Amino acid sequence: MHYWLMKTEPEAFSLNDLQARGQEPWDGIRNYQARNFLRSMQPGDGIFIYHSRVAVPGIVGMAEVVSNARPDPTQFDPHSHYYDSGSSLDKPRWDLVDVAYRRSFTQCISLDSLRNMPEFADSPLVRKGNRLSILPITKSQWQHVLSLVEDDRQ
DNA sequence: GCCAACGTTGGC
DNA sequence: GCCAACGTTGGC
């Protein structure tokens, strides 16, 4: 059981979109470090969904890994924005996992507030210039964020 | 919409 | 194998 954070631009695909669909193949990851994280994911792993490129970027809710990593079909499709001519069917370069909706937080846990949490001091998430769209979350980071949203409900 | 920071590509 | 050029990410 591991925890992850996955970024998405809500203009392209938001947590609400995930909620509407129930689950979604998380395709289009074209960064080797992020891909390696995908490959280490297992069904049942927890995910924080993070909205980027918005006025208040931050964690907006939760999802769950519901498949093992498998080849991302968009890499083989010449008409796809994510097509990769350097990849082949017998040696796929890019993977995806299926992600299922779990929960929307009543209030976004903003990047600004994450920066002020000691739990996130060492996270790549708060480092300037960080572009990783998938990154690991520690148990203490997970629990701390959850404690904030529980408090929020009272 | 700007642009700093970063990862990738390709010429040499 | 270096590194300049390029494309992309994502905060602001």
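**First stop: Asp17**

Select Asp17 and turn on the surface: Asp17 is partly exposed, with 30% as its relative accessible area. Before going on, keep in mind that you are touring a predicted model. Now show the cartoon, and you will find Asp17 in helix H1, which covers residues 15-21. Next, look for its contacts. Apart from neighbours within four places in sequence, Asp17 is in contact with Pro10 and Ala12. Add Tyr101 to your selection and draw a line between the two C-alpha atoms. Asp17 and Tyr101 are 84 residues apart in sequence, and that line spans 9.4 Å.

**Second stop: DNA strand C**

Hide the surface and bring DNA strand C into view. Which residues are around DNA strand C? Select Lys7, Tyr50, Ser52, Arg53, Pro57, Leu111, Arg115, Asn130, Arg131, Leu132 and Ser133 to see them. Colour them by class, and you should get 4 nonpolar, 3 polar and 4 charged residues.

Now look at which parts of the DNA face the protein. Among the atoms of DNA strand C within 4 Å of the protein, 57% are from sugar or phosphate, and the rest are from bases.

Three side chains are worth a click here:

- Lys7: an N or O atom of its side chain is 3.1 Å from a phosphate oxygen of DNA strand C.
- Tyr50: here an N or O atom of the side chain is 2.7 Å from a phosphate oxygen of DNA strand C.
- Arg131: a polar atom of this side chain lies 2.7 Å from a base oxygen of DNA strand C.

**Third stop: DNA strand B**

Switch to DNA strand B. Select Asn31, Tyr32, Arg53, Lys128, Gly129 and Arg131, the residues that surround it. By class, this surface has 1 nonpolar, 2 polar and 3 charged residues. Of the DNA strand B atoms within 4 Å of the protein, 63% belong to sugar or phosphate, with the rest in bases. Zoom in on Lys128, where a side-chain N or O atom is 3.2 Å from a phosphate oxygen of DNA strand B.

**Fourth stop: Arg53**

You have already met Arg53 beside DNA strand C and again beside DNA strand B. Centre the view on Arg53. Where does Arg53 lie? Follow the cartoon to the loop between strand E3 (46-51) and strand E4 (58-65), and you have found it. Is Arg53 buried or exposed in the protein? Arg53 counts as exposed because its relative accessibility is 73%, and the cut-off for exposed is over 50%.

Then check the backbone angles. Most residues other than glycine have a negative phi. Arg53 is not a glycine, yet its phi is positive, at about 55 degrees.

**Fifth stop: the largest pocket**

Hide the DNA and look at the protein alone. The largest pocket has a volume of about 600 Å³. To find its centre, select Lys7, Thr8, Asp27, Ile29 and Tyr82, which lie nearest to it among the 16 lining residues. Strands E1 (3-8) and E2 (23-25) each give at least two residues to the lining. If you colour the lining by class, there are 6 nonpolar, 4 polar and 6 charged residues.

**Sixth stop: Gln75 and Ser85**

Move on to the loop between strand E5 (70-71) and strand E6 (95-96), where Gln75 lies. Gln75 counts as buried, at 0% relative accessibility. Show its side chain and you can trace it to the backbone oxygen of Trp94, at 2.7 Å. Beyond neighbours within four places in sequence, the contacts of Gln75 are Arg30, Tyr82, Tyr83, Asp84, Ser87, Pro92, Arg93 and Trp94.

Now add Ser85, which also has its place in the loop between E5 and E6. Ser85 is exposed, with a relative accessible area of 63%. Ser85 and Gln75 are 10 residues apart in sequence, with 7.7 Å from C-alpha to C-alpha.

**Last stop: Ile109**

Finish in strand E7 (residues 98-110), where you can select Ile109. What does Ile109 touch, not counting residues up to four places away in sequence? Show Gly58, Ile59, Leu114, Met117, Val145, Leu148 and Val149. With 7% relative accessibility, Ile109 counts as buried. For a final distance, pick Asn130: Ile109 and Asn130 are 21 residues apart in sequence and 18 Å apart in space, C-alpha to C-alpha.

Key
Residues are numbered from 1 along each chain as its sequence is written. Chains are lettered from A and ligands numbered from 1 in the order in which they are written. This is a predicted model: local features need pLDDT of at least 70, side-chain atom pairs count only at pLDDT 80 or more; totals for chains, interfaces and linings use all residues. Side-chain values use heavy atoms; hydrogens and water are left out. Helices (H or I, at least four residues) and strands (E, at least two) are DSSP runs, numbered from the N terminus. Buried means under 20% relative accessible area, exposed over 50%, partly exposed in between (1.4 Å probe, protein chains only). Contact means heavy atoms within 4.5 Å. A residue is near a molecule or strand if one of its heavy atoms lies within 4 Å of it. A polar contact is a pair of N or O atoms within 3.5 Å; within protein, one must be able to donate a hydrogen and the other to accept it, and residues adjacent in sequence count only if both atoms are side-chain atoms. Ala, Val, Leu, Ile, Met, Phe, Trp, Tyr, Cys and Pro count as nonpolar, Asp, Glu, Lys and Arg as charged, and the others, Gly among them, as polar. On a 1 Å grid over the protein atoms alone, a cavity is a set of points where a 1.4 Å probe fits but cannot get out, and a pocket is an open set with protein on both sides within 12 Å along at least five of seven lines; lining residues have an atom within 4 Å of a point. Grid points are joined across faces, edges and corners, and a volume is the space filled by probe spheres set on the points.
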